[in-house]
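I set aside this session to look up a few local features of the backbone and of the secondary structure, and I kept notes as I went.

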Amino acid sequence: MAKRSKISDIRAKHTIIALLILFLILTGRLFSLQVVSHSYYRQISENNSIRMVPIAAPRGFIKDRNGKPLVTNRALYTISYLPYMSDAKFRHIDYLADLIGVDRQLLEEKLNAPIRNRYEPIKLVRGVDFGVICKIEENSEKIPGIIYQTEITRQYPADGYGSHLFGYVGEISDAELRKRDPNIYKSGCIIGIGGLEEEYDKVLRGRDGVEYLEVAASGKILGRSPYRESVPPQVGSELILNIDWKTQCVAESLLSGYIGGAAVAIDPSNGEVIAFVSKPNFDNNAFAGVISEELWASVANDTTHPLLNRACVGTYPPGSIFKPITAAAALESDSVSINDKFQPCYGSMRFGNRIFKCWKPSGHGRLDMLGAIIQSCDIYFYQVGKIIGLDVWAKYSKGCGFGERTDLDYPSESSGLSPSREYLDRKYGAGDWSRLLILNLAIGQGELLVTPLQMAVFYSALANGGTVYKPRLVNKIISPDGEIFKTKTEVLRSLPFSASTISFLVKALTAVVEDPAGTGAAARIPSITVAGKTGTAQNPHGLEHSWFCCFAPVEDPKIAVAIIAENAGHGSAHAAPIAREIVKAYLSSIGVL
Amino acid sequence: MKSIFSIDPLIFVPALLLSVIGIIGIYSTGFNTEIAFYKGMYVKQIYWLIMGLILFFTMMVIPLRFHEIFAYIYYLIAIIMLAGVLWFGTAGGAKAMRWFSIGVFNLQPAEFAKIALVFAIARFLAHYKGKFPSTPGVIVVLALGLIPFGLVVKQPDLGTALVFGVITMFLLYWAGLNSFHLFLFISPTISMIAAFNPIPLAIFIFLLVVSLLIARTDLKVSVGVIIINILFGILTPVLWNKLHDYQKLRILTFLDPGRDPRGAGYQIIQSKIAIGAGGLFGKGIGMGTQTKLAYLPTQHTDFIFSVIGEEFGFLGAVIIILLFTILLIRGITIAAKTRKGFLGLVAGGFVAIIAFQVLVNIGMTVGLMPVTGLPLPFVSYGGTSMIAFWVIVGILTAINRDWRSY
C-alpha cells in the first residue's frame, strides 16, 4: 500500500510537470503566432478577404484657347458573363449572338474557356453601342448571368481632326509599365499614347481611386469591405491649349485633299501654337475604344502612314523657303551685298563639270538679292552659296536652330538635318565629298531636312524681329480645385542676324506676296500685308512637295504659318492659298480682319 | 457530504466557463456569410450543455461502486456499439462511419467507449491492490485497449483510435509500470515513425539494443522486443500503403503544410492565419474575417479554437489553456489522493483523455500536430462530446467527494 501511494505521488508530479511543459509549448506557439508574427498574419488575412479594385479617374478635358472643349469623356460598355448567376452552362449563345450582333463562334470560345472563379465576370465584348445595352437590359431575364460594365474612355473630335495633336488612350503595355513610376501606373491602367495625352499624361490622368471589396472563401464578392475606407478617384486636370480650333479646322479641311501634308501656325509674339495639323489623320476615337485587329492592320499597312505626325516628326527638304537663311548668311558674313548681281540666269548654269538648273527653264535674267528672293531664282542662290561656302552657310543654318529640336511640349519630335563639314566628313570620309554640295544646300535641297514646325518657328522669329520663342501647345493647366498653372513664354535664342538684315528679309518676303512678279501672290489678303515664301521641294520618291511659309500682318505679326502639301507640285499653286485661308481664319477669329 | 451540491469549484467552474466560451465561439460562426447552417447552431449547443449538466449531477448521485461493478458491462456494450457502427453507422465527414443516427441525434459511440475503457482497465488493475501486475496482466490490459482501438481505426478515425492507445498506456504508467518497460511498449511506435528511412531505423534499433543491455533485461524479453521492433520497422511501409489516401495526406500535410496550399494544407494554413490575425486582443465577436468569410474550415467543431484565437486573440486563447490547466491539475490531484486503486485509476484515465484531446486539438490549430478531427473538450460543437465530458467531470467530482468513504 505504502509503496503504491508513493509511486502515485511521484508520477502525479511528473504528469503535472509534463502537462505544464506541453501547455507552455502551446502558449509559446500562440505567442509567436498572435503577438510576434501578428502583422504578418493580419496582412495575409487581409489579402485573403479584401480585394483591391481600382476605380479609374476620369481624365481631364482638353480645350482650345477660347475654352471650347475638344477632348471629353464618354462611356464604353462591355458585356460580360457572370458564371455563378446562371446555374448551368450558358445555353443562349445563339440568342445572345443575335442580340448583340457578334459572331457566334467568338462568343462560344469565350464562354467555354475554363472558369477560374465563378464570381469573376468573363468579358465577352468590349465597346458595344448604347443601343445594345438597352436590348440586354430589356431581355435580361432570358439571358441569366449576362451583365454589362461601364468604363470611361475618351471622346475626340470627329473625322480624326487633331488626331496627332491629341494622341489617344489605351492600356499600358508591359514594357511601358516597367519604365514608369509603380506608385502611379499599375498593370492594366489606361495611359495616354502619343500626342498631348502622352505628354501631359501625369496631369490629365488624375488619381485613380480604390475600392476595397470583401471576398468570401468561395470567391463571391460581398460588397464594400467594412474594414477599409474606399478612396474616391480624383478627376484629372484640364488642359487649355494655345490652339485656335477654328483655324485648326480650316487647315484640317483644306489639307484633306492631299495625300499627306502638315500645317503649323504660331503666334510670333510668344511661340503659342495656333494650329498643329498633320494629314492624313487616324481615327483616335476608334483607338481609344477597342482596337480590332482589322483596324490595327489597316492603319499599320496604310502606305500613307497615318500615324506619322508630319508636323514635327516628318522631315522634308525645304526647297526655296530656306533661301532667306542663305541670303541672310551671305549678308551677315559680308561676302555679298544686297545690290550684288552675279551671272544672269538663263535657266541653267555650269559649275565644275555639272549643269545646275533653275526651276524656271526660261531663266530670270540678271537679278539683285531682292529680285532673286521675289522670283525665287535658283541660279542666283547657287552663286551666293558658292561664294559663302559650306562653313558659313552651316553656321547660320545651325544658328537659326535647324538640325535641333524646338523643344515643343510634345512627346516626339525630329531634329531634322542641317549638314555641316563634320557631318559630311563623318558620312563620306574626311574631305571625300563634292564641293558643289553647297549649291544644293543654298537653295534648300540636298541633304538638308527640316520639319514644318521648325520652319514655322523660324518664320515667327523673322516676323517678330529675331527672337526665337519656344513653341508651346498648352497655354495653361487647370487643376480640379481651380488652381491655374500657366506655361511660361521661353526664349530659345535670337536669330544670328542683324536688324537691317531682318528688315531686308521682311521687305523681300512682303514683296514675294505683294509684288506682281512674286511667286506668293496666291497668299494675298486684301487690307492685310502678308510676307511669305513659296517652296517647291524636289522629292526623289515622286512629285514635288509644295511648301509655303508666311506671316501677317507684317506691321504687327499675329500669326506665322508653315505648310507643306506632299507631292502637290508648286508651292505657289497649292500651299500658298491654304496658308492664306489659315491666316484669314485666325485673323478674323481674333478680330483683326 | 453526500449532497449533490458539494461540487468541486476547481472542476466545475473551468468546465462551465469552457462550455460557455465554446457557445460564444459557435454563436460567432453564425455570422458566417457563406454557410447558413452555422446560424442558430449555438442554441443547440446550449441544449447539449443543459443535458451535460443534468448528466453531471446524475453522475454525482450514482454510487461509484456501481461503476466498478458494471465496468465490464459498460465495456462490452461499448464494443458492441463500436462494432455496430461499422455495420449500421452513418457516414460522417471523409466517408468515415462514426455515427448512429437516432432521430435528430447523431450518437458517436467512440466517445462513450473511451469512458468504458477507462472503467474496464481500472477495474482490472484494481484487482492487484496496488501491486503491479505480472506480464499476463499487462497483456490483458493491452488487449482491452487494442479491441476498441482496432474498431475505431476501422471506421476509420485514427485520431480517436489514438485516444484508446493513450488511455491504455497512461493507465499502465499510472498503475506503476516501470518507466523503462513503458518505453519498451512504446518503442514499436518509434520504430514505425523511424521506418520511413532505413538509417534512423537502424540507429534506433541499435540504441534499443544498447539500452536493453545496460538495463540487463531478461534475454527472452530483449530478443522479443527487438524482433517486434524490426517487424514494425519493416511492416510500416506496407501498412502505409494500406492507409486511406486522406489519412496519408493528413500526415504528409502535417509534415509540410505548404505542399498543397489549396488542398489538404489549406485547413492548417487558414487556421494559423486566423489565429495569427487575432493578435493580442482579437477582432471581436463576429468580426473575424477568416471565420465570417468561410476561409476557416469546420470552424464550429475541429477548428473552434481558431475562431476563438481570431476573435478573442492571444488573451482568449491563453484563458482557455489556463482553464484546462486548472481542470487537469485538479484532476491529477484527485487521482493522486484517491489511494484506493479503482478510483485513482478512473480519475487518471479521465485526465489522460482530456489532456490528450486538448493537446492534439490545439496543437493542430496552431500547426504543431496533424489534422485529426479530435474535438476540443467542452468547447467544440457536438452533443456526444459535450455530454461525455460532463459525465467525465461529474464522475471526477463524485470521486473527489467520496473517495475517503470508498
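At what angle do the axes of helix α3 and helix α4 of chain A cross, and within what distance do they come? The model I am reading is a predicted one, and in it I find that the axes of α3 (residues 93–100) and α4 (residues 104–112) of chain A come within 9 Å and cross at roughly 125°. An angle over 145° would count as roughly antiparallel and one of 65 to 115° as roughly perpendicular, so I enter α3(A) and α4(A) as oblique to each other. I also note that the crossing of α3(A) and α4(A) is right-handed. On the side of α3(A) the contact is made by A:Ile93, A:Asp94, A:Leu96 and A:Ala97, and on the side of α4(A) by A:Arg104, A:Leu107, A:Glu108 and A:Leu111. Sorting the residues of this contact by character, I get five nonpolar, three charged and no polar ones.

**Entry on the open sheet of chain A**

I next traced an open sheet of five strands in chain A, whose order is β12-β11-β21-β20-β19 and whose pairing is antiparallel. The edge strands are β12 and β19 (531–539) of chain A, each of which pairs on one side only. Ignoring direction, I find neighbouring strands of this sheet turned by 10° against each other on average. Within the sheet, strand β11 (residues 261–266) of chain A pairs with β21(A) in the antiparallel sense over six bridges, and A:Gly261 stands opposite A:Ala565 of β21(A). Helix α20 (residues 575–589) of chain A packs on the sheet, where it touches β11, β12, β20 and β21 of chain A, and its direction makes about 145° with that of β21(A).

**Entry on cis peptide bonds**

Two of the strands just listed also border loops that hold a cis proline, and I looked these up together. The peptide bond from A:Lys279 to A:Pro280 is cis, with omega near 0°, and A:Pro280 lies in the loop between β12 (273–279) and α11 (284–288) of chain A. The peptide bond from A:Ala552 to A:Pro553 is likewise cis, with omega near -15°, and I place A:Pro553 in the loop between β20 (542–552) and β21 (559–565) of chain A.

**Entry on β10, β16 and β17 of chain A**

Which residue of β16(A) is the bridge partner of A:Leu239? I find that it is A:Ile477, in a pairing where strand β10 (residues 238–241) and strand β16 (residues 474–478) of chain A run antiparallel over four bridges. A:Ile477 has a bridge partner in β17(A) as well, namely A:Phe485. Three bridges join β16(A) to strand β17 (residues 484–486) of chain A, again in the antiparallel sense. I record β16(A) and β17(A) as a hairpin with five residues between them, and A:Gly482 in the turn has a positive phi of about 90°.

**Entry on positive phi outside glycine**

A:Ser376 has a phi near 55°, a positive value in a residue other than glycine, and it sits in the loop between α14 (369–375) and α15 (378–399) of chain A. Is A:Ser376 buried or exposed? Its relative accessible area is 2%, so I enter A:Ser376 as buried. In chain B, I find phi of B:Phe378 near 70°, which is also positive in a residue other than glycine. B:Phe378 belongs to the loop between α14 (341–365) and α15 (383–402) of chain B, and because its relative accessible area is 1%, I enter B:Phe378 as buried.

Conventions
Residues are numbered from 1 along each chain as its sequence is written. Chains are lettered from A and ligands numbered from 1 in the order in which they are written. This is a predicted model: local features need pLDDT of at least 70, side-chain atom pairs count only at pLDDT 80 or more; totals for chains, interfaces and linings use all residues. Side-chain values use heavy atoms; hydrogens and water are left out. Axes are lines fitted to C-alpha atoms, for helices over the stretch in contact, and angles run from 0 to 180 degrees between N-to-C directions. Angles under 35 degrees count as roughly parallel, over 145 as roughly antiparallel, 65 to 115 as roughly perpendicular and the rest as oblique. A crossing is left-handed if the near helix is turned anticlockwise from the far one by less than a right angle, and right-handed if clockwise. Contact means heavy atoms within 4.5 Å. Ala, Val, Leu, Ile, Met, Phe, Trp, Tyr, Cys and Pro count as nonpolar, Asp, Glu, Lys and Arg as charged, and the others, Gly among them, as polar. Buried means under 20% relative accessible area, exposed over 50%, partly exposed in between (1.4 Å probe, protein chains only). Two strands pair if DSSP finds at least two bridges between them.
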